[in-house]
Amino acid sequence: QLQLVESGGGLVQPGGSLRLSCAASGFSLDDYAIGWFRQAPGKEREEVSCISISGRTTNYADSVKGRFTISRDNAKSTVHLQMNSLKSEDTGIYYCAADRSPDLLNMCLFQPAVYDHWGQGTQVTVSS
């Protein structure tokens with residue numbers, strides 16, 4: 001059973017940066033498309049970013065474009081989400097999700113139902 005583990009969350013001031021990581025216990029993520037989602041208190045879960053299995057395709061929510069970057073580190077079987085210029089509205093629990101459908105070789109999707117595997121989340125708090 002694929003288990004995803006997120007790390008890198010924490011407390012940061014507005015304008016600061018964090019790098020989140022998504023890794024799999026006992027499995028390689030090289031064959032999985034990865035999505036990042038977040039959920040703020042009292043709000044619904046929303047998409048943040050995703051990356052295809054090949055790494056050739058990435059997508060970003062409009063709210064994070066130009067500030068967040070998703071990338072694959074296949075040597076470490078890890079996917080990172082670099083978050084710069086953080087704002088208070090970026091606060092929430094960040095989840096990574098994975099799926100190995102062949103359709104996701106060169107595309108990625110924001111629909112949560114696409115992903116079969118989810119991590120427990122990591123808290124990101126942006127506050128002064």
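Which cysteine does a disulfide join to cysteine 50? Select cysteine 50 and look for its partner: a disulfide joins cysteine 50 to cysteine 108, with an S to S distance of 2.1 Å. Keep in mind throughout that this is a predicted model.

**Stop 1: cysteine 50 and cysteine 108**

Stay on this pair and turn the view until the S-S bond can be seen from the side. The torsion about the bond between cysteine 50 and cysteine 108 is about 65°, so this disulfide is right-handed. Now show the strands. Cysteine 50 belongs to strand β5 (residues 46-51), while cysteine 108 sits in the loop between β9 and β10 (117-118), so the pair ties together parts that are 58 residues apart in sequence. Are these two cysteines buried or exposed? Cysteine 50 has 0% relative accessibility and counts as buried. Cysteine 108 is buried as well, with a relative accessible area of 5%.

**Stop 2: cysteine 22 and cysteine 96**

How many disulfides are there? The count comes to 2 disulfides. For the other link, select cysteine 22 and cysteine 96, which a disulfide joins with an S to S distance of 2.1 Å. Cysteine 22 is in strand β3 (residues 18-25) and cysteine 96 is in strand β9 (residues 92-99), so this pair ties together parts that are 74 residues apart in sequence. With 65° about the S-S bond, the link of cysteine 22 and cysteine 96 is right-handed. Cysteine 22 is buried at 0% relative accessibility, and cysteine 96 is buried with a relative accessible area of 0%.

Show both disulfides together before moving on. Counting the bonded cysteines along the chain, the pattern is 1-3, 2-4.

**Stop 3: strand β8**

Select residues 78-83, which make up strand β8. Of the 6 residues in β8, 5 are buried, so this strand is largely enclosed by the rest of the structure. Add β3, the strand that holds cysteine 22. β3 and β8 pair in the antiparallel sense over 6 bridges. To find a matched position, pick leucine 18, which stands opposite methionine 83 in β8.

Next add β7, residues 68-73. β7 and β8 run antiparallel and are joined by 6 bridges. Here the position to pick is aspartate 73, which stands opposite threonine 78 in β8. Follow the chain from β7 into β8: the two form a hairpin with 4 residues between them. Serine 77, in the turn, has a positive phi of about 50°.

**Stop 4: arginine 67**

Where does arginine 67 lie? Arginine 67 is in the loop between β6 (58-60) and β7 (68-73). It is buried, with a relative accessible area of 9%. Display the residues that arginine 67 touches, leaving out those up to four places away in sequence: Gln82, Met83, Asn84, Ser85, Leu86, Lys87 and Asp90. Met83 in this list is the methionine that leucine 18 stands opposite.

**Stop 5: arginine 100**

Finish at arginine 100, which lies in the loop between β9 and β10. Cysteine 108, from the opening stop, is in the loop between β9 and β10 too. Which residues does arginine 100 touch, not counting those up to four places away in sequence? They are Asp31, Tyr32 and Ile53. As a last step, select serine 88 along with arginine 100 and draw a line from C-alpha to C-alpha. Arginine 100 and serine 88 are 12 residues apart in sequence and 33 Å apart in space.

Note on methods: Residues numbered from 1 in each chain as written. Predicted model: local features only at pLDDT ≥ 70, side-chain atom pairs only at ≥ 80, totals over all residues. Heavy atoms only, no water. Disulfide = S-S within 2.5 Å. Buried < 20%, exposed > 50% of the residue type's maximum accessible area, 1.4 Å probe, protein only. Contact = heavy atoms within 4.5 Å. Pairing = 2+ DSSP bridges.
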